[in-house]
Amino acid sequence: MRRPFKRRPGKIPGFPLTMGITITYLGLIVLIPLAGLVLKTAQLSWSQFWTTVIDDRVLASFRLSIGASLVAATINLFFGFIVAWVLVRYPFPGRKMVDALVDLPFAMPTAVSGIALTALYARNGWLGGPLSHVGINGAFSRFGIVIALTFIGLPFVVRTLQPALADLESDVEEAAASLGAGRLQTVRRVVVPAVLPALLAGFAMAFARAVGEYGSVVFISGNMPMKTEITPLLIVTKLEQYDVAGATSIALALLAFSFVMLLVINGIQVWSTARTRA
Amino acid sequence: MSIKVRNVSKSFGAFKALDDVSFDIPTGELVALLGPSGSGKTTLLRLIAGLEDLDPGAGSIRYYEEDVAGQPVRKRRVGFVFQHYALFRHMSVFENIAFGLRVLPRAKRPSRKRIRERVHDLLGLVQLEGMAGRYPSQLSGGQRQRVALARALAVEPRVLLLDEPFGALDAKVRTELRHWIRKLHDDLHITSVFVTHDQEEALEVADRVVLMNQGRIEQIGSPADVYHSPQTEFVMNFLGQVNTFRGHAHGRDVEFADISVAASDGVIRHGDVRVFVRPHELEVLPQKNGKPGFPATVLRVNAAGAVARLDLQLPDGGLITAELPQDRFARLSAGTGEKVFVTPHRVHVF
């Protein structure tokens with residue numbers, strides 16, 4: 001007699017086990033803390049939540065955090081592309097060193113980077129001095145925040161792009177050249193579209209990281225309410241005042257917004273990948 | 001468009017990939033660069049295309065009389081077809097073929113309508129009508145290579161250069177595409193050069209074969225020419241299977257395996273030589289028939305195919321291979337272990 005639900009081992013073994021571990025692990029590490037966040041926020045009524053979130057100071061911090069993160073991720077998109085390109089395409093003495101240097105923002109405690117950047121960009125710092133002569137405040141300004149967020153976001157773009165560029169055979173570029181394309185046309189029409197999915201993934205990660213970044217920014221930003229106060233700082237401030245529900249509401253709003261942005265970027269990525277590898 | 005290659009050398013570090021190479025490609029011919037890997041054939045093709053730069057001061061490459069040595073590849077108007085197709089995978093077949101037209105400076109760029117017509121003409125030429133909207137990943141290897149060819153032809157190149165164009169394809173598609181390329185060339189008459197390591201492919205497709213070895217040209221000639229009158233030992237060995245003997249030359253004759261016969265080229269030689277006989281140039285008989293021949297024992301018979309192949313052992317232990325037409329083999333009716341007599345009709349000596 002045939003058993004209707006007889007378990008047959010699949011061609012690739014271990015699916016039930018690995019899937020079980022995946023769910024448990026993600027649950028413990030990601031979902032339960034997030035659920036805690038939602039639960040804590042649920043202590044507030046809808047109108048209390050709304051008033052907290054649309055407070056002028058909170059809205060200003062949202063604009064700053066998301067805006068500065070977008071600017072920083074965009075800067076990294078361009079310069080990260082160039083860095084990855086150089087590292088993949090050209091052998092040069094010290095390439096290993098430069099390659100290792102890219103990971104430094106990952107490895108450094110963010111507070112250390114923050115203090116270093118502040119010292120560098122403050123009015124009496126090496127770079128801050130010359131900048132102040134042309135009327136730009138390096139540290140304690142929105143400019144400073146963008147610098148810190150660019151610093152911490154760079155490795156994401158470079159590390160996601162490197163394998164994609166390495167995967168792109170150089171004969172594709174040679175083909176474009178033999179068909180009469182100039183260097184710029186080749187990059188614009190052939191190289192960038194081919195690595196677009198990786199570019200977007202790097203952009204999304206750099207952006208996501210920047211939105212949540214706290215350590216390096218608090219030193220360089222100056223933390224003036226309405227002007228240079230980022231959302232993570234505002235959350236910490238609320239927590240220090242024992243306003244846990246207020247802190248989680250802000251966090252939840254920011255999270256929701258970032259999540260939607262990441263979904264959109266992911267959507268574009270899926271769309272462009274589907275075109276290349278149908 | 002004729003191509004003149006003069007005294008061309010190219011080194012990669014200490015490795016000399018090409019050493020003082022000169023030859024001409026006449027207008028409208030289909031030429032094969034044939035050689036083992038590392039012989040410099042691909043380097044030569046890439047130099048002709050401009051994908052590689054000549055060593056400073058080492059020779060010249062001319063299209064007609066125009067020296068193109070300093071010209072970058074994108075100015076040379078060459079069609080280049082890569083072994084692994086090098087299609088733009090994010091573009092449809094249509095966009096791939098249109099690429100060369102779209103990147104033209106605005107003044108020279110055809111109208112959208114003209115581009116569409118041209119691409120559809122080319123799709124017809126490479127027999128891929130109806131595939132315009134597909135992406136490269138949805139095509140088979142043979143189809144991809146035909147798209148690559150259409151893309152190269154779209155810019156009306158002065159010369160067509162193909163780097164191992166059939167190398168990545170399976171055997172059947174390879175033969176089909178080979179015939180098809182030959183036919184296409186007969187229709188278009190565009191000066192073409194293709195690189196291959198497969199002697200059968202070169203002999204079948206090309207008007208002229210350039211045999212290369214260790215960065216030098218060994219011989220240039222028509223397929224029949226290089227096959228029947230190899231000028232060097234390398235060419236003899238490279239173009240098909242061959243039996244090798246040690247021999248001794250006395251004037252026009254050469255002595256080997258206890259027989260003495262005339263060398264095919266009629267050159268007078270003296271002293272120790274190497275003697276080469278192709279498997280199909282050996283006659284295998286049940287017994288001596290008066291012609292100079294030597295005894296051998298049949299080790300193995302493979303009768304599958306157009307000819308029957310016999311592995312034979314000489315009295316001194318040496319092994320040779322002979323190929324007989326099927327009807328001759330039937331008359332011989334020799335099985336494994338039987339004694340036979342072997343008579344060479346044609347003997348090459350170097």
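1. A salt bridge is taken here as a side-chain nitrogen of Lys or Arg within 4 Å of a carboxyl oxygen of Asp or Glu. By that criterion the side chains of B:Arg89 and A:Asp167 form a salt bridge, with an N to O distance of 3.8 Å. B:Arg89 is placed in the loop between strand E6 (78-81) and helix H3 (93-102) of chain B, and A:Asp167 in helix H8 of chain A, so the pair joins two chains. Neither description should be read as experimental, as the model under review is predicted.

2. The accessibility of the two partners in this inter-chain pair may be stated as follows. B:Arg89 has a relative accessible area of 24% and is therefore partly exposed. A:Asp167 is likewise classed as partly exposed, at 41%.

3. The overall architecture of chain A is helical: its secondary structure consists of 14 helices and zero strands. Its C-alpha atoms occupy a box of roughly 70 × 60 × 30 Å along the principal axes. The chain has 278 residues, of which 42% count as buried. When contacts in chain A are restricted to residues at least 6 apart in sequence, 75% of them join residues at least 24 apart.

4. The surface of chain A deserves a separate remark. Its accessible surface is about 15,900 Å², and carbon and sulfur atoms account for 71% of that area. As to charge, chain A carries 23 positive and 13 negative charges, whose mean positions are 10 Å apart.

5. A nonpolar patch is present on the surface, with about 1,100 Å² of accessible area in total; its members include A:Leu17, A:Ile21, A:Tyr25, A:Ile32 and A:Leu255. Helix H1 (residues 15-41) of chain A supplies the largest share of this patch, namely 10 residues. A:Tyr25 is located in helix H1 of chain A. With a relative accessible area of 52%, A:Tyr25 is classed as exposed, because the class begins over 50%.

6. The structure holds 36 salt bridges over all chains. One of these within chain A links the side chains of A:Asp103 and A:Arg159, at 3.0 Å from N to O. A:Asp103 lies in the loop between helix H4 (95-102) and helix H5 (104-107) of chain A, whereas A:Arg159 belongs to helix H8 (residues 142-167) of chain A, so the pair ties together parts that are 56 residues apart in sequence. Both partners are partly exposed: A:Asp103 has a relative accessibility of 28%, and A:Arg159 has a relative accessible area of 24%.

7. Chain B combines both kinds of element, with 10 helices and 20 strands. Its C-alpha trace spans about 80 × 50 × 35 Å along the principal axes. Of its 350 residues, 52% are buried. Among contacts in chain B between residues at least 6 apart in sequence, the fraction joining residues at least 24 apart is 65%.

8. The accessible surface of chain B is about 15,800 Å², with 49% belonging to carbon and sulfur atoms. Chain B has 46 positive and 41 negative side chains, and 8 Å separates the centres of the two sets. A patch of negative charge on the surface is formed by B:Asp253, B:Glu255, B:Asp258 and B:Asp316. Within this patch, B:Asp253 is situated in strand E12 (residues 253-256) of chain B and is partly exposed, with a relative accessible area of 34%.

9. A salt bridge within one helix is also worth noting. The side chains of B:Lys183 and B:Asp187 meet at 3.7 Å, N to O. Both residues lie in helix H6 (residues 171-188) of chain B, four residues apart, or about one turn of the helix. B:Lys183 is exposed, at 53% relative accessibility. Elsewhere, salt bridges that share partners join B:Arg174, B:Arg178, B:Asp198, B:Glu200, B:Glu201 and B:Glu204 into one network.

10. A final point concerns an acidic residue of chain B. Is B:Glu283 buried or exposed? Its relative accessibility is 13%, so B:Glu283 counts as buried, given that the class covers values under 20%. B:Glu283 occurs in strand E15 (residues 282-285) of chain B. Leaving aside residues up to four places away in sequence, B:Glu283 touches B:Lys291, B:Arg328, B:Phe341, B:Val342, B:Thr343 and B:His345.

Technical notes. Residues numbered from 1 in each chain as written. Chains lettered and ligands numbered in written order. Heavy atoms only, no water. Buried < 20%, exposed > 50% of the residue type's maximum accessible area, 1.4 Å probe, protein only. Contact = heavy atoms within 4.5 Å. Areas by Shrake-Rupley, 256 points an atom, 1.4 Å probe, with all protein chains shown as cover. Lys, Arg positive; Asp, Glu negative; His and termini not counted. Charge placed at Lys NZ, Arg CZ, Asp CG, Glu CD. Patch = residues over 30% accessible without salt bridge, like charges linked within 9 Å, V, L, I, M, F, W, Y side chains within 5 Å.
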